Structures are given as structure tokens and as C-alpha cells.
Amino acid sequence: MPLSRTGQAARRLAVVALLLAAAVGCGDTGGLEGAGSTPTAQGPARLWPELTPASSPAFEIGEVNTEVVKGVKVPGDDIRRVNPVGIVRAEIAGNPGDYDGARAPYRDTGRAMTGCAKGPGHGKCPVLRPYYRDLTGDGRDDLTLGFPLRPGKTTAVRVYTVDKHRLVQVMAWEDALSGVELAGRSLVIRSPSEVAGYEYRLQWTWDRDQRAMLLTHDEMLRTGPRKHPRQPSDSGTGAPSTSRTGPPSASPSAPPSAPPSASPSAPLSASPSGSPSVSGG
């Protein structure tokens with residue numbers, strides 16, 4: 001039976017009384033308090049709306065960087081059964097101008113490969129310890145390799161997967177390294193910046209449509225303390241995102257940097273005998 005207007009009014013008054021009592025009770029026991037004034041939100045301002053949007057890139061920067069490794073077989077499609085030293089030797093054989101000869105830019109790396117009889121990470125072998133993790137999401141391990149490019153100060157970082165029984169390089173980069181990390185299906189490279197107190201942080205993430213590790217984040221982050229305290233009028237939250245405009249080395253396999261912004265990442269996940277991070281220089 002529906003309530004009369006008088007009954008509805010009485011019910012509303014009872015509800016209001018209960019709400020007021022609850023509010024007073026919360027105030028007595030440390031309820032929510034105002035945090036003070038907050039900055040006025042500002043939306044993005046579009047500049048030069050009269051410009052016609054570009055339909056094609058101005059430069060070829062090689063966003064999708066994949067290559068079948070010739071001469072290297074994958075027994076049982078198991079990447080752990082592939083010799084990492086053999087992979088680096090295959091790259092050197094494919095680029096003799098970079099490694100062979102007195103004037104080759106990476107001649108010392110080429111010469112040092114003779115010290116790899118005991119495998120990567122031993123003695124004077126330039127091939128760093130390999131790391132294995134499923135980066136492509138197919139349930140199988142992929143391989144992350146690194147080796148210094150001597151006599152310079154850069155280090156090559158490569159990622160390999162197995163596709164159709166072939167070893168495929170799906171990411172390549174050379175840079176001076178502060179650290180390398182694996183986070184989920186991403187690989188993050190930290191490099192020193194020419195600006196004191198900042199570093200570059202680049203993140204590659206597997207893209208199943210392109211079947212490659214794409215450079216999805218490229219930013220410049222503060223690592224040291226601020227020289228001046230933040231002013232009250234400062235509405236920023238940190239260092240501006242700054243993309244590098246060119247490749248760090250002369251190697252043709254190193255694509256220039258691409259779009260901005262990134263996120264922090266988890267430490268490098270190693271193979272059972274590996275260490276938690278890789279550094280080079």
C-alpha cells in the first residue's frame with residue numbers, strides 16, 4: 001500500500017536526521033578535512049590549428065627493426081639451445097666493415113671474440129651474460145643480448161625471438177648505458193644525459209601486429225636533486241619529457257628515437273644463473 005504524503009514527509013525527515021547525526025559523529029572522530037586551494041586545471045591548447053595535418057613521416061627512422069639471423073639454427077625451436085656467442089659472430093660476419101680491419105669502428109670487439117671459448121660472460125669475451133624472458137607472449141622464452149662496441153663507449157643491445165623455426169632479431173640499439181631493465185613485455189634502457197642530473201630512458205615494447213619491439217617511450221628524467229626549491233607558482237610535476245633527435249651511434253641498425261613519455265619499470269629479470277641488471281660502457 002503506497003504511503004500518504006504525510007508518511008513520505010515523515011520518512012524524509014527521519015532520513016535527514018540520521019544523516020545529520022552521522023555527519024556530526026564523523027566530525028567528532030576525525031572526518032575528512034579540506035586540503036586547501038588547488039591549482040586551476042588547464043586543458044591542452046592546440047597551436048596553429050590552420051596547419052594541414054601531415055599524412056606521412058618526414059624521415060625514415062626504422063621504427064620496425066626486424067631481421068632473420070642467417071646461419072644460426074634453433075634446435076627444437078628452443079632459443080635457450082642457441083649459442084649466444086654464435087649469434088654475435090653471425091652479426092659480425094654480416095657487417096665486416098664494422099668489426100674487421102685497423103680502421104673498423106668496433107675492431108676491438110671483433111678481435112676479442114677469440115676469447116669466447118668458454119661462453120658469454122667468461123674471461124675477456126665481450127658477449128655479456130644472456131637473459132631469457134617471454135617478451136612476445138607466446139609462452140616461450142625470448143633472448144636479450146648485449147656486447148660492448150669497443151674501442152668506443154657504447155654497448156649493443158639486441159632482442160631475439162623464434163618465428164617459423166628461425167631466429168629473428170626484433171630489436172637493436174646501441175648507446176652508452178646506465179642500466180638495462182626488463183619489465184613485463186618491455187625492455188628499458190637508461191643512458192646518461194649531457195645535462196647534469198638527468199638521464200635518458202627509452203622503452204621498447206612488443207607489438208604483436210608489427211611483430212617487433214617498438215620504441216614506445218623516449219624521455220628525459222631527473223635523477224639528481226633540484227638546485228632550486230620549487231616556487232609556489234610552479235605548476236609542473238617534474239622534468240619535461242624530451243625526446244632525443246638522433247641516433248647515438250653510427251651503426252645502421254640503431255633507429256633514432258621516437259615519441260615521448262614513459263613509466264618506471266621493474267628490475268631486469270634474469271635467467272636462473274643471471275644477475276639482476278646489465279650495465280655497460
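1. Let me start at a turn. Asp163 has Arg166 in β5 as its bridge partner. This is a predicted model, so read everything below in that light. The two strands involved are β4 (residues 154-163) and β5 (residues 166-175), which pair antiparallel over nine bridges. Together they make a hairpin with two residues between the strands. Lys164 sits in that turn and has a positive phi of about 55 degrees. Elsewhere on the same hairpin, Ala156 is found opposite Glu174 in β5.

2. Now the sheet around that hairpin. It is an open sheet of five strands, ordered β1-β5-β4-β3-β2, and the pairing is antiparallel. The edges belong to β1 (67-68) and β2 (131-133); each has a single partner strand, so one side of each has no neighbour in the sheet. β1 is joined to β5 by two bridges, again antiparallel. Val68 is the residue that stands opposite Val168 in β5.

3. β5 is worth a second look. How many of its ten residues are buried? Nine are, so the strand is largely enclosed by the rest of the structure. If you want to follow the side chains along it, keep the usual rule in mind: in a regular strand they alternate between the two faces of the sheet.

4. What lies across this sheet? Helix α2 (residues 84-94) does, crossing β2, β3 (142-149), β4 and β5. The helix runs at about 60 degrees to β3.

5. On to the packing. The largest nonpolar core has 24 residues, and Ile87, Val127, Tyr160 and Leu167 are the ones with the most contacts inside it. α2, β3 and β4 each supply at least two residues of this core. There is also a second, separate core of 20 residues, which includes Leu135, Val170, Trp206 and Leu215.

6. Leu167 is a good residue to click on. Setting aside neighbours within four places in sequence, its contacts are Glu67, Val68, Val69, Val72, Val74, Ile79, Val82, Ile87, Tyr160 and Thr161.

7. One of those contacts, Val74, deserves its own point. Val74 is in the loop between β1 and α2. Is it buried or exposed? Its relative accessible area is 8%, and because the cut-off for buried is under 20%, Val74 counts as buried. Not counting residues up to four places away in sequence, Val74 touches Ile79, Val82, Val162, His165, Arg166 and Leu167. That brings us back to the β4-β5 turn: Val74 and Asp163 are 89 residues apart in sequence, with their C-alpha atoms 9.9 Å apart.

8. The other sheet to check has four strands. It is open, with the order β6-β7-β8-β9 and antiparallel pairing. β6 (179-183) and β9 (212-222) stand at the edges, each with a single partner strand, so one side of each is left without a neighbour in the sheet. On average, neighbouring strands here are turned by 20 degrees against each other, direction ignored. β8 and β9 pair antiparallel over ten bridges, and Leu202 stands opposite Asp218 in β9.

9. Then there is Gly197, placed in the loop between β7 (186-192) and β8 (198-207). With a relative accessible area of 28%, Gly197 is partly exposed. Which residues does Gly197 touch, not counting those up to four places away in sequence? The answer is Leu221, Arg222, Thr223 and Gly224. For Arg222 the C-alpha to C-alpha distance from Gly197 is 5.7 Å, across 25 residues of sequence.

10. Finally, the aromatics: the structure holds two aromatic pairs. Tyr99 and Tyr106 form a tilted one, 5.6 Å centre to centre with 55 degrees between the planes. Both partners count as buried, Tyr99 at 4% relative accessibility and Tyr106 at 8%. Trp173 and Trp204 also form a tilted pair, 5.2 Å centre to centre and 55 degrees between the planes. This one links distant parts of the chain, with Trp173 in strand β5 and Trp204 in strand β8, 31 residues apart. Trp173 and Trp204 are both buried.

Technical notes: Residues are numbered from 1 along each chain as its sequence is written. This is a predicted model: local features need pLDDT of at least 70, side-chain atom pairs count only at pLDDT 80 or more; totals for chains, interfaces and linings use all residues. Side-chain values use heavy atoms; hydrogens and water are left out. Two strands pair if DSSP finds at least two bridges between them. Contact means heavy atoms within 4.5 Å. Axes are lines fitted to C-alpha atoms, for helices over the stretch in contact, and angles run from 0 to 180 degrees between N-to-C directions. A nonpolar core is a set of buried Ala, Val, Leu, Ile, Met, Phe, Trp, Tyr and Cys residues joined through side-chain atoms within 4.5 Å. Buried means under 20% relative accessible area, exposed over 50%, partly exposed in between (1.4 Å probe, protein chains only). Rings of Phe, Tyr and Trp (its six-membered ring) pair if their centres lie within 6.5 Å; planes under 30 degrees apart count as stacked, over 60 as edge-to-face and the rest as tilted.
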